[in-house]
Amino acid sequence: MPQFTYPTPSAPPQQMPLYVQQQYHEQPSQHYGTYSTYYLNNVMKVNAWQAYNFSHPSDLEMVFTQEMQKNPENNARQALQAEDLMNVLNKTSSIRNFYRLNWSREMCSIMIAMLDRSQDGFMQWSEFLELQQCLVAWYQVFCQHDVDRSGFIDANELIRVIRHLFGYQIQPQTLETILKRYSRVVPPNSRCIIAFDDFVALSVRLRAYTDAFRKRDSLMHGGAEAGNCTFGYDDFLRCVLCL
Ligand SMILES: [Ca+2]
């Protein structure tokens with residue numbers, strides 16, 4: 001096994017497989033639902049800097065740049081890594097006041113992977129900005145459903161959000177699996193509730209896995225989608241292990 005060194009930013013880009021180049025879907029799908037339309041119509045219109053109460057759009061970019069400049073490896077790639085993203089989210093007071101949440105490094109890794117359009121494992125400014133739009137949109141949705149401000153939403157509300165707001169076409173058995181993994185059960189009457197960070201982890205994975213699956217489906221069926229595809233073992237591992 002050759003020793004692994006991280007690709008340097010000056011290395012020539014490798015020819016990527018077609019499904020990697022077409023990373024994100026924008027069309028609604030008979031098999032996968034309308035989640036891409038939700039992203040285009042809702043998430044992409046969010047003004048993150050305003051939500052965070054910054055006084056100017058460039059303030060958010062300044063936060064990103066200041067964190068990036070602390071590490072020459074990041075500076076060379078004009079990007080952040082998971083720990084840096086964690087610092088930005090946890091230590092920038094206007095962002096921290098918005099979510100009132102402690103972000104874990106693991107969570108930051110997942111979020112970087114979801115939006116890593118350049119496929120380099122780092123989060124560039126455009127990817128960072130899109131993440132902030134996603135997070136603000138998700139937080140607003142979450143708060144709308146968390147009527148008693150407990151920091152949790154109900155299982156039924158989660159299902160409604162996934163199916164009707166985000167627009168994923170998911171079967172009841174799959175929703176049951178999701179609830180077992182992302183919710184906690186509390187009294188009275190075995191109430192099933194979901195915290196915001198679990199909601200984010202789920203939202204990230206749903207989108208990334210659905211996109212990854214669709215790419216292969218579409219590639220395998222000459223550009224049309226059939227709702228199924230075949231995975232090689234290695235390809236499958238690459239898909240799930242990056243998240
Ligand atoms: Ca990247």
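A residue is called buried if 20 or more other C-beta atoms lie within 10 Å of its own, exposed if 12 or fewer, and partly exposed in between, with C-beta atoms placed from the backbone. The structure above is a predicted model, in which local features need pLDDT of at least 70, side-chain atom pairs count only at pLDDT 80 or more, and totals for chains, interfaces and linings use all residues. Residues are numbered from 1 along each chain as its sequence is written. Helices (H or I, at least four residues) and strands (E, at least two) are DSSP runs, numbered from the N terminus.

**Exercise 1. Loops with unusual backbones**

Find Gln119 and Asn53, and work out for each whether it is buried, partly exposed or exposed.

Step 1: Gln119 sits in the loop between α8 (105–114) and β2 (123–124). Its phi is near 55 degrees, a positive value in a residue other than glycine. Gln119 has 14 other C-beta atoms within 10 Å, so this residue is partly exposed.

Step 2: Asn53 belongs to the loop between α3 (48–51) and α4 (57–68). Here phi is near 65 degrees, again positive in a residue other than glycine. Asn53 counts as exposed because it has 12 C-beta neighbours inside 10 Å.

Now try a peptide bond: which form does the one from Pro187 to Pro188 take? Omega is near 0 degrees, and the bond is cis. Pro188 is part of the loop between β4 (184–186) and β5 (191–195).

**Exercise 2. A sheet and its helix**

Trace the open sheet and give the order of its strands.

Step 1: Strands of a sheet pair through backbone hydrogen bonds, either parallel or antiparallel. Two strands count as paired here if DSSP finds at least two bridges between them.

Step 2: Three strands follow the order β3-β5-β4, with antiparallel pairing. β3 (152–154) and β4 are the edges; each has a single partner strand, so one side of each lacks a neighbour in the sheet. From one strand to the next, the twist averages 45 degrees.

Step 3: β3 and β5 are joined by three bridges, and Asp154 stands opposite Ile193 in β5. Helix α10 (residues 155–166) packs on the sheet and touches β3 and β5, its direction making about 80 degrees with that of β3. Contact means that the C-beta atoms of two residues, placed from the backbone, lie within 7 Å.

Step 4: On β4, look for Arg184. Its C-alpha atom is separated by 6.4 Å from that of Ile194, ten residues apart along the chain.

**Exercise 3. Two crossing helices**

How do α6 and α8 cross?

Step 1: Axes are lines fitted to C-alpha atoms, for helices over the stretch in contact, and angles run from 0 to 180 degrees between N-to-C directions.

Step 2: The axes of α6 (residues 82–91) and α8 come within 8 Å, crossing at roughly 110 degrees. Therefore α6 is roughly perpendicular to α8. The cut-offs are under 35 degrees for roughly parallel, over 145 for roughly antiparallel, 65 to 115 for roughly perpendicular, and oblique for the rest.

Step 3: At the meeting place, Ala82, Glu83, Leu85 and Met86 in α6 meet Arg105, Cys108, Ser109, Met111 and Ile112 in α8.
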